[in-house]
Amino acid sequence: MNYSELLAIDFRLIGPELALAIATCVIMLIASRRWARMAAPLLALAGLAVSGALALTQLATPATGFADMVTNDGFGTIFKLISVAVAIVTVFLGYRYFVVKQLDKPEYYALLLIATLGMMVMANSSNLIVILIGLEIMSVPLYALAGFNRRSLESNESGIKYFLIGAFATGFTLMGIAFLFGATASTDLRDIVNQFNAYRANAEAYLLLGTALTLVGFAFKIAAVPFHSWVPDVYQGAPTPVTAFFSVGPKAAAFAALIRIFDFGLGEIPGIEVAFGILAILTMTVGNVLAIRQDNIKRMLAYSSIAHAGYILVALAAGGQPAISAAVFYLIAYAVFNLGAFAVLTVLETRSGKRSDYREFAGLSKGHPYLAVALALFMFALSGFPPTVGFFGKYYIFSAVVNEGISANNGFLIALAIIGVLNSFISVYYYLRVVKTSYFDTTDGAYDRAQVSPAVTFVVALMAVGTLGLGIFPEQLLSLTRSAVFVFL
Amino acid sequence: MDPVAYVMVAVVLFAIGSVGVLISRNIIILFMSVELALNAANLVIMAFAKAHGVTDGHVIVFFMLTVAAAEAAVGLAMIITLFRNRGTINIDRFSLLKW
């Protein structure tokens, strides 16, 4: 790159990221002031809003820049919008929780914004190294967020476990990328795709080794079985709004990178489909079976998030445009109803000494009738009942996979879809246990009511409307994800 | 230049790091093992960069060193907090949450 090229860099390509970076810097600069506790959430929301608006303008104009390091295609931009939306919801959802727990420090918002920035970088590049750096920009603040409640031993433990496992997973990803670099002398996925056969003839061993190690690294991040053991502990120990963010934001970004690397870049590797299929079967089954025996709803939702990652892996195993757009649809749908469920949990945890065990939900329908209805709706969506969006998410994935299996005459894919459907039957049991507890179980004494803040009411209402609205009109969202997946730059 | 010898050394280092993560009980040693695994990957990248005659690998390694430093800063801060609250950094003691 020479001097004139340097001047011609179009900074609008990273506009959304810059907006977040600037907002973060401002929050850190004012963090020591007394009024920063009030200002930080507002600044964070402003930064996220600007970032989201800039990302919306990019939706119409796909482009690459920064010496091909930044790829603003429709696929990446949709994940930028998901990241921003999840972060905005998390700010609303967590505000009162952090005030009550005396954790409302400005640093929380700064860390949240940096993590969101990392998610954007990760989803928006076709270069393996930029993806890895995005992954790290995302992960390092997340370790700090998991351990954010410094006085709580559980939060400490959650943070340290997340940190050690995350750093170890980074080692695997970097090792994988090193071998891919060795096989191809390039870290750009488009180069790898274009000259795949030549590379394969030259250095197949390095290519396979690199693919396997990268897959292991990402399997840690999306919590695929057998790399899932950290998830329940981290989810249970972290502050609940942070858990809500973990379960949807970083997961969606990691899936974005996974789709770009394995379904676009390395889709030709022999056996990759079977590897994804086996991961999917293990992830769905183990997640659902272990979720049954949990007594804590946060832990149950952790195992449920593992199971949902399994359903999305089924779509990734099939590959192809219909399956991938169904996977993106599912990620969005899952974000909506899972954030809703966590919002209800957050409200109930602002009561002192509560940690979201099942028995604390007894009598919820009397104490908080509206929250109980919303929680039931989210549980029905998680288990995939119509007319919620959860049903259509699963329906699109499994029908796309079956169609792909029939047209490719591939029995393995059809078996995968059947195992997926059986698994979602298992999941009905533990989701409806929450509904049963909140409606039919009774408390010994008077119900301990929580104060419901307007911000959380807004989030719960919005997510409930989203769960039902997208369930009634799923086609609009599906056509958006279809058009997004179609444009890979 | 043939990178095979360098790659072999790196794979051995990576294996030592991985085993260290699995068997060590002290969080500091665990963290050192993770760093060993990361640096083994850096060695692979350097070896291949030299073999292919491209400078991309050198740049990548600089970025990864920076990333590892940031990670170490956050990680060590958390280890210190943990030690203050619990008085130990032995991983077996951290079983408040079912592992």
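This report describes the domains, interfaces, nonpolar core, aromatic contacts and selected backbone features of a predicted model.

**Domains and chain interface**

Chain A comprises domain 1 (10–52 + 65–170 + 223–265) and domain 2 (271–489). The C-alpha centres of these two domains of chain A are 21 Å apart. Their contact involves 44 residues of domain 1 and 48 residues of domain 2. The contact between chain A and chain B, in turn, takes 39 residues from chain A and 44 residues from chain B. The size of an interface is often given as the accessible area lost when the parts come together. The table sets out that quantity for both contacts.

| Parts in contact | Buried area | Share on carbon and sulfur atoms |
|---|---|---|
| Domain 1 of chain A and domain 2 of chain A | about 4,100 Å² | 75% |
| Chain A and chain B | about 3,800 Å² | 81% |

On the chain A side of the contact with chain B, A:E157, A:F168 and A:F181 provide 16% of the area that chain A buries, more than any other three residues.

**Nonpolar core**

The largest nonpolar core contains 210 residues, and those with the most contacts inside it are A:F79, A:L258, A:L313, A:L316 and A:M379. Helix 15 (residues 321–349) of chain A contributes the largest share of this core, 22 residues. Both domain 1 and domain 2 of chain A supply at least three residues each to this core.

The surroundings of A:L313 can be given in detail. With neighbours within four places in sequence left aside, A:L313 is in contact with A:I222, A:A224, A:F255, A:L258, A:F276, A:L279, A:A280 and A:T283.

**Aromatic contacts**

Over all chains, the whole structure holds 34 aromatic pairs. A pair of aromatic rings is described by the distance of the centres and the angle of the planes. For A:F391 and A:Y395, these values are 6.0 Å centre to centre and 15 degrees between the planes, and the pair is stacked. Because A:F391 and A:Y395 are 4 residues apart in helix 18 (residues 389–407) of chain A, about one helical turn separates them. A:F391 has a relative accessibility of 28% and therefore counts as partly exposed. A:Y395 likewise counts as partly exposed, at 45% relative accessibility.

One aromatic cluster includes residues of both chains: A:Y143, A:Y162, A:F163, A:W230, A:Y235 and A:F246 are joined in it by B:F31. A contact between a charge and a ring is also present, in which A:R433 lies over the face of A:Y358, at 3.8 Å from the ring centre.

**Backbone features**

The loop between helix 10 (204–222) and helix 11 (230–237) of chain A contains A:P226. The peptide bond leading from A:V225 to A:P226 is cis, with omega near 5 degrees. A:A223 is located in the loop between helix 10 and helix 11 of chain A. Although A:A223 is not a glycine, its phi is positive, at about 60 degrees. With a relative accessible area of 1%, A:A223 is buried.

A:P386 and A:P387 are likewise joined by a cis peptide bond, for which omega is about 5 degrees. A:P387 lies in the loop between helix 17 (369–383) and helix 18 of chain A.

A:Q102, a residue other than glycine, has a positive phi near 55 degrees. The loop between helix 4 (74–100) and helix 5 (106–123) of chain A holds A:Q102. A:Q102 is exposed, with a relative accessible area of 58%, whereas A:A223 is buried.

Methods:
Residues are numbered from 1 along each chain as its sequence is written. Chains are lettered from A and ligands numbered from 1 in the order in which they are written. This is a predicted model: local features need pLDDT of at least 70, side-chain atom pairs count only at pLDDT 80 or more; totals for chains, interfaces and linings use all residues. Side-chain values use heavy atoms; hydrogens and water are left out. A nonpolar core is a set of buried Ala, Val, Leu, Ile, Met, Phe, Trp, Tyr and Cys residues joined through side-chain atoms within 4.5 Å. Buried means under 20% relative accessible area, exposed over 50%, partly exposed in between (1.4 Å probe, protein chains only). Helices (H or I, at least four residues) and strands (E, at least two) are DSSP runs, numbered from the N terminus. Domain bounds come from an automatic or database domain assignment. Contact means heavy atoms within 4.5 Å. Rings of Phe, Tyr and Trp (its six-membered ring) pair if their centres lie within 6.5 Å; planes under 30 degrees apart count as stacked, over 60 as edge-to-face and the rest as tilted. A charge sits over a ring if NZ of Lys or CZ of Arg is within 6 Å of the ring centre and within 35 degrees of the ring normal. Buried area is the accessible area (1.4 Å probe) that two parts lose on being put together, summed over both.
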